[in-house]
Amino acid sequence: MGTVGKALDLLDLFTHQQPQMGLSHLARVAGLNKATCHRLLSELESRGLVEQVGAAREYRLGPA
């Protein structure tokens, strides 16, 4: 699976039941190491597809 596929898989993990998740949880559920997951989320965040919120800095879907 390529980088785009991994990034899209991360976006698919967000649901109405679980709209926010931390880096460690996302990495574990996606089967990625934390560094790769962070790199993908950083790119998604730069494009407005995810954003970090709250004191725990959890991720949620962004305005884009």
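Modeller: Contact here means heavy atoms within 4.5 Å. The model is predicted.

Biologist: Leaving aside neighbours within four places in sequence, which residues is Val50 in contact with?

Modeller: Val50 belongs to the largest nonpolar core and ranks among the residues with the most contacts inside it. Set aside its neighbours within four places in sequence. The contacts of Val50 are then Leu11, Phe14, Leu41, Leu44, Glu45, Tyr59, Arg60, Leu61 and Gly62.

Biologist: Which helix supplies the largest share of the largest nonpolar core?

Modeller: That core has 14 residues. Helix H1 (3-12), helix H2 (23-30) and helix H3 (34-46) each supply at least two of them. The largest share is four residues, and the helix that supplies it is H3.

Biologist: Are H2 and H3 roughly parallel or roughly perpendicular?

Modeller: Their axes lie 9 Å apart, at an angle of about 110 degrees. Angles of 65 to 115 degrees count as roughly perpendicular. So H2 relative to H3 is roughly perpendicular.

Biologist: How many residues are charged in the contact of H2 with H3?

Modeller: From H2 come Leu23, Ser24, Leu26 and Ala27, which meet Lys34, Cys37, His38 and Leu41 in H3. Five of these residues are nonpolar and two are polar. The number charged is one.

Biologist: Is Pro63 buried or exposed?

Modeller: Pro63 sits in the segment after strand S3 (58-61). Leaving aside neighbours within four places in sequence, Pro63 is in contact with Gly48 and Glu51. Its relative accessible area is 76%. The cut-off is over 50%, so Pro63 is exposed.

Note on methods:
Residues numbered from 1 in each chain as written. Predicted model: local features only at pLDDT ≥ 70, side-chain atom pairs only at ≥ 80, totals over all residues. Heavy atoms only, no water. Core = buried A, V, L, I, M, F, W, Y, C linked by side-chain atoms within 4.5 Å. Buried < 20%, exposed > 50% of the residue type's maximum accessible area, 1.4 Å probe, protein only. Helix = DSSP H or I, 4+ residues; strand = E, 2+ residues; numbered from the N terminus. Axes fitted to C-alpha atoms, helices over the stretch in contact; angles between N-to-C directions. Parallel < 35°, antiparallel > 145°, perpendicular 65-115°, else oblique. Nonpolar A, V, L, I, M, F, W, Y, C, P; charged D, E, K, R; others polar.
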